[in-house]
Amino acid sequence: MRNLIFYFGVLLMFFGSGNANAQAVIGFPHHDRIYKGFENYFECGSTNGDTLLSMSATNASVTKSGNGYIITPSGNKDVVISVINSNNETLATKTYRVFALPNPELYLGNTINGNKLDYRLSSELKVQMDPYTTLGSLEFNINTWEVSLSGSGKVYKGTGNMLSDEVVEQIRIAPDNTELTINCNYEQSNESITKKIVGKFKL
């Protein structure tokens, strides 16, 4: 994933005087995974003021980037990340499981693909990762959309992330149990590759 940097928000804080037995606390301990084919961004810090820290990793490449490091898994094996001080002592290590980057989902308003539409006057389309995961910060732009309602035989088309007033009205008056299908072309921010996504919603 070219030009893709994800900030995990993982800040490693160390307690002690900078020796190899120093204990480590992870700022967000539930973040125990990193993603394959993705530039995972980490920062580290020390409570004893040591600013000459570095990071290393097994089964991954490590590249300095600004105040932190980009760690990119080289395969499917767990990645062990270590933080090293200026005396070449390992202050902390943590193991991360490696996962493939999941596909995003299409939302209409606050309703995710596959569910019953909560509010029939919803007009905003969103392509996003599960907002409750560490990938919720990734942004996507919707270029075009097509909408169809089961039983109508008509296809409505538009651009951007908002459905037209005509489509919203057709959704409002459609019989219960009608299936709403939305096809979108979208791009991830900072990339120029157009992808397709489909959402189906029950009315």
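Start by selecting Ser61 in this predicted model. Leave out its neighbours within four places in sequence, and Ser61 is in contact with Ile70, Ile71 and Thr72. Add Ile71 to the selection: 10 residues along the chain from Ser61, yet the two C-alpha atoms are separated by 5.7 Å. Ser61 belongs to strand E6, residues 60-65. Is Ser61 buried, partly exposed or exposed? Partly exposed, because its relative accessibility is 38%, and that falls between the 20% and 50% cut-offs.

Next, pick residues 79-84, which is strand E8. Five of its six residues are buried, so the rest of the structure largely encloses this strand. Now bring in its partners. Strand E5, residues 54-57, pairs with E8 in the antiparallel sense over four bridges; show Ala57 and you'll find it opposite Ile81 in E8. Then light up residues 90-100, strand E9, which is also antiparallel to E8, with six bridges between them. Here Val79 stands opposite Tyr96. Follow the chain through the hairpin of E8 and E9, with five residues between the strands, and stop at Asn88: its phi is positive, near 65 degrees.

Last stop: an open sheet of three strands, ordered E11-E10-E12, with antiparallel pairing. Strands E11 (111-112) and E12 (125-128) are at the edges with a single partner strand each, so each has one side left without a neighbour in the sheet. Select strand E10, residues 105-108, together with E11, and look for the two bridges that join them. To see how these strands line up, display Tyr107 and Ile112, which stand opposite each other.

Methods: Residues numbered from 1 in each chain as written. Predicted model: local features only at pLDDT ≥ 70, side-chain atom pairs only at ≥ 80, totals over all residues. Heavy atoms only, no water. Pairing = 2+ DSSP bridges. Buried < 20%, exposed > 50% of the residue type's maximum accessible area, 1.4 Å probe, protein only. Contact = heavy atoms within 4.5 Å.
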